[in-house]
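Hi,

Here is the complex I promised to pass on. Have a look at it first, and then read on for what turned up when I went through it.

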Amino acid sequence: MSSLRYRIRAASRTVFSGWSVALALLSIALLGPFLDPIRALAAPAGETWLHMRSTVLGQYIRDTLILAISVPVLAGLFGSVSAWMVSRYDFPGRRSLEVLLVGPLAVPAYISAYAYEGIFGYFGPFYRLIRNILPGLALNRYPDISSMPGLILVMAAALYPYVFLLMKQAFRNNISNALEASRSLGDGAGRQFLRLALPMTRPVLAAGLGIVMMEVLNEYGAIVYFGRNTLTTGIFRAWFGFYDLSAARRLGGFLMISVFLFLGLEQYLRRNRGYGLSGKRQAPLERIPLRGLRGMQALILAAVPMFFGLVLPVGRLGTWALRELPDARWSGIFEGLGNTMLMSIGAALLITSLAVIIGYSRVRRPHRPLIALSDLSLMGHSVPGAVIALGILGVSSWLVSLTGRSWLAAGSIGLLMFGYATRFIAVGQRPVSAEMEHRLRVFDEAARSLGRGSIHALVNVHLPNMKRVLLAAFSLSFLEMIRELPLTMILRPFNYTTLAVRSFELASNEMLQEASLPAMLLVLIGIAGVLVFQWGEVIRND
Amino acid sequence: MSMRNRCFHHLIILPLLLMLSLSLSAAGGNEPGEVVNVYSHRHYDADQDLFDRFTEETGIQVNVILASADELIERLRAEGEASPADLLITVDASRLARAASLGLLQPVDSEVLDENIPGNLRSDERLWFGLTRRARVIAYDRTRTEPDIDSYADLADPAYQDRILIRSSSNIYNISLLSAIIAHEGEAAAENWARGVVGNMARPPQGNDRDQMKAVIAGEGDFAVVNTYYVGLLLNSDDPGEREVGEKIGIIFPDQNGRGTHVNISGAGVTAHAPNRDNAVRLLEFLSGAEAQAVYARENFEFPANPAVEPGELILSWGSFLEDDLDLTLIGENNSAALRIFDEAGWN
């Protein structure tokens, strides 16, 4: 009997160290494509770097900072207010709104930027209308959408759903006890939101803002179109303009270091504030019904971000797409549709699985260096996809020359999948890790004390209770994947296209109308993805 | 309970299965028979039609990967001798020159190509060949503005303050234009020119070539620097607003009394390790031939590289013009200098 117990303990110890090994190996693999840029920071500065530093670097840093701060702030405001409205109140149209509020995730930011220019440009419907009403208004009196405030609005409206999704979950499921107490003390709605709901969900908000900031840092198309320069656009200038790889890597390293500092700050905030959320399961928040005028007001307030992120750009795309319907080239579009679905589902499953392994390993083996390594491996989300793709090309040519295996070469699906995982692991891992951290501290000891080892505990006890967060990780990665562009373009096999690639090809020829059709399909798939996600929530809540 | 658990086992196994099946299907995609593998920066439907036509004529399957030339060049470099690519197609001479200088292209001796493509539109070593020409011209509003500008130098003349529209300096067409100015006049003169243009800009650079022409018609500025084929694309747009812009646009070919209008090429070269070299040469010959050249001109409003082929109706309506016959290789060599000058002049 005691020898059996001893054997179990010994076996489980092996498995525990297995978790550390898994975490270390996965993190290192995911970091592989970034090693060169970080190393480049240590090398002496070249001529291009000195030139950029003395001319444009200051401006790049300034624009990067402005965007990296103001876009998350606005997106945070959009996302948390809407999330609060749909979780706290019930009003006419709430159910549909909950789905539509996530819709902007299916609209690539650069497409949104083109659509905004299409609406608010001089020949767009907006100023046409204004000119009809006020014929004498001079052009220079018009506010210009392609300005910094315009860019901030376009990007925040495209990215707030990350905050919305995470905050809605947190509001719905983690604060109901405290909120009921506050309400019974007679606190008003605004006070409940600002004094209670927001502070209690601060770590979740930080995670959401983190995702938004990373998206901002890697954005390329919308920023270039609006004539701005960031560290990311600078990387491309150094690389493909000056053909100076070391300067490009240096800029990339610079960008990564700032991301790492930010991640550290987020960790620090999380630790310092504590989680604020109890591990105990709470009843879902009761919604307060609002009828009549108050219901309308609530609907309008909650729908503001959706108006900017979905209604305006999709309205523009939709009218363009209708015009294109008669002479569309369907074969390419259908091919792109099939590939988009298959690849996005496959990659989202892969990312979710990896997120589970990493998240569990982090909780099982919270060694500081290992955690730091794993934090570093989240960087992919903030680095422009093209930079990762080129890093992966490097890793791949090294592996192929080492092993002679062609499935490691560019153009193979395996390498493409590796690229997607590197790029988007943060999207899956952030929600999964956050949930695991606060859930498993409470339940894991109990689950493992049943004596069947940690894999058993993970698969049989924890995962079934984390369905919703797993679905969230899956659907967020899916929504990222359907829009993914640079990795697919650079690493894809011959004759392989996706909807995002197809719409980019057309848009890059300045054929925006033609591009609108695949872009619209992309939006529809995205909405379908959101519906699946919502459906998962409903099951769980019943 | 057990149903649920199985569900989550599947969650882990499924992606592995999916990946396996995807890799198998990708590996099985290579049918036997003649193929030619193309890396191309030309994302035009007309190009795909031409490839289909080539397959019809020769039975050679054309496999394509579209991406930016810079990315494709990096991929070629990483793949090295194992690269499956046979033909690299770009939309700019600088990138062809760069691919050539990296040793990624091989010379092609072909009587057909020598006959179809004039000497100034191909590299001396026959590493690459131009397929179409694009002129960088000045657009103005015919209904409103006197076309009193007649050279690139005028764009920098203080008389035109707040009247010039041109896109960002990260755009390769602008980089090539400044590279050409450097090649002709040297770096100091080029820098003066860039500073002058920045001083004359009606607004900070933003948007694409079409947007510059829209801004001209909107009255935000008077003269926009654009590539010719975008005028054709505007005139044939599905958007009535864009057609309206196209109809008002007039074109000035700069430097007709001097060295001629700056012309860039879209072109192609056979890769150094092409596994299907002969097919690549056949495709290149086909693309330089009368049928394909007419398609480029008709569908995409580009100037054919093959002098025997008539440009489209619209292009003809602009009349003939004097072209700058600068050696295109020089443009590639001056790219970095051009970017440095843009940065120093504060041209975003």
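To start with one residue: is Y160(B) buried or exposed? With 21 other C-beta atoms within 10 Å, Y160(B) is buried, since 20 or more such neighbours is what the label takes. Keep in mind throughout that this is a predicted model.

**More on that tyrosine**

Y160(B) sits in a loop of chain B, the one that runs between β4 (129-141) and β5 (164-165). If you skip the neighbours within four places in sequence, the contacts of Y160(B) are I149(B), D154(B), L155(B), N200(B) and F223(B). There is also a link across the sequence to look at: D222(B) is 62 residues away from Y160(B) along the chain, yet their C-alpha atoms are separated by 8.8 Å.

**Chain B as a whole**

Chain B has 348 residues, and 54% of them count as buried. Its secondary structure adds up to 15 helices and nine strands. The C-alpha trace measures out at about 75 × 65 × 40 Å along the principal axes. As for how the chain folds back on itself, take the contacts between residues at least 6 apart in sequence: 77% of these join residues at least 24 apart.

One helix pair in chain B is worth pulling up in your viewer. Helix α7 (residues 187-200) and helix α15 (residues 335-345) of chain B have axes that come within 9 Å and cross at roughly 45 degrees. The two helices, α7(B) and α15(B), are therefore oblique to each other, and α7(B) passes α15(B) in a right-handed crossing. On the α7(B) side the contact uses E187(B), A190(B), E191(B), A194(B), R195(B) and V198(B), and these meet A337(B), I341(B), F342(B), E344(B) and A345(B) in α15(B). By class, the residues of that contact are seven nonpolar and four charged, with no polar ones.

**Helix packing in chain A**

In chain A, I looked at two helices that pack on α15(A).

The first is helix α6 (residues 109-120) of chain A, which packs against helix α15 (residues 292-324) of chain A at an angle of about 80 degrees, the axes being 9 Å apart. That angle makes α6(A) roughly perpendicular to α15(A). From α6(A) the residues involved are S112(A), A115(A), Y116(A), G118(A) and I119(A), and from α15(A) they are L312(A), P313(A), R316(A) and L317(A). This contact of α6(A) with α15(A) has six nonpolar, two polar and one charged residues.

The second is helix α8 (residues 148-174) of chain A, whose axis comes within 8 Å of that of α15(A), with a crossing of roughly 105 degrees. Again the result is that α8(A) is roughly perpendicular to α15(A). Here L153(A), A157(A), A158(A) and Y160(A) of α8(A) make the contact with P305(A), F308(A) and G309(A) of α15(A). The residues divide into six nonpolar, one polar and no charged.

**A buried glutamate**

Next, E435(A), which lies in helix α19 (residues 413-449) of chain A. E435(A) counts as buried, with 21 C-beta neighbours inside 10 Å. Leaving out neighbours within four places in sequence, E435(A) is in contact with M466(A) and V469(A). The C-alpha atoms of E435(A) and M466(A) are 7.9 Å apart, while the two residues are 31 apart in sequence.

**Where the chains meet**

Across the interface, 57 residues of chain A are in contact with 59 residues of chain B. On the chain A side, the largest share comes from helix α18 (residues 385-403) of chain A, with seven residues. Sorted by class, that side of chain A has 28 nonpolar, 21 polar and eight charged residues.

**How far to trust it**

The predictor gives the complex an ipTM of 0.82 and a pTM of 0.85. Chain B averages a pLDDT of 89, and 91% of the residues score at least 70. Two stretches of chain B need some care. Over residues 1-5 of chain B the pLDDT is below 50, and that stretch has four contacts in the model beyond near neighbours in sequence. Residues 23-31 of chain B are also below 50, with seven such contacts. Where pLDDT is low, the predicted coordinates should not be read in detail.

Over to you.

Note on methods:
Residues are numbered from 1 along each chain as its sequence is written. Chains are lettered from A and ligands numbered from 1 in the order in which they are written. This is a predicted model: local features need pLDDT of at least 70, side-chain atom pairs count only at pLDDT 80 or more; totals for chains, interfaces and linings use all residues. Axes are lines fitted to C-alpha atoms, for helices over the stretch in contact, and angles run from 0 to 180 degrees between N-to-C directions. Helices (H or I, at least four residues) and strands (E, at least two) are DSSP runs, numbered from the N terminus. Angles under 35 degrees count as roughly parallel, over 145 as roughly antiparallel, 65 to 115 as roughly perpendicular and the rest as oblique. A crossing is left-handed if the near helix is turned anticlockwise from the far one by less than a right angle, and right-handed if clockwise. Ala, Val, Leu, Ile, Met, Phe, Trp, Tyr, Cys and Pro count as nonpolar, Asp, Glu, Lys and Arg as charged, and the others, Gly among them, as polar. A residue is buried if 20 or more other C-beta atoms lie within 10 Å of its own, exposed if 12 or fewer, and partly exposed in between; C-beta atoms are placed from the backbone. pLDDT is the predictor's confidence in each residue, from 0 to 100.
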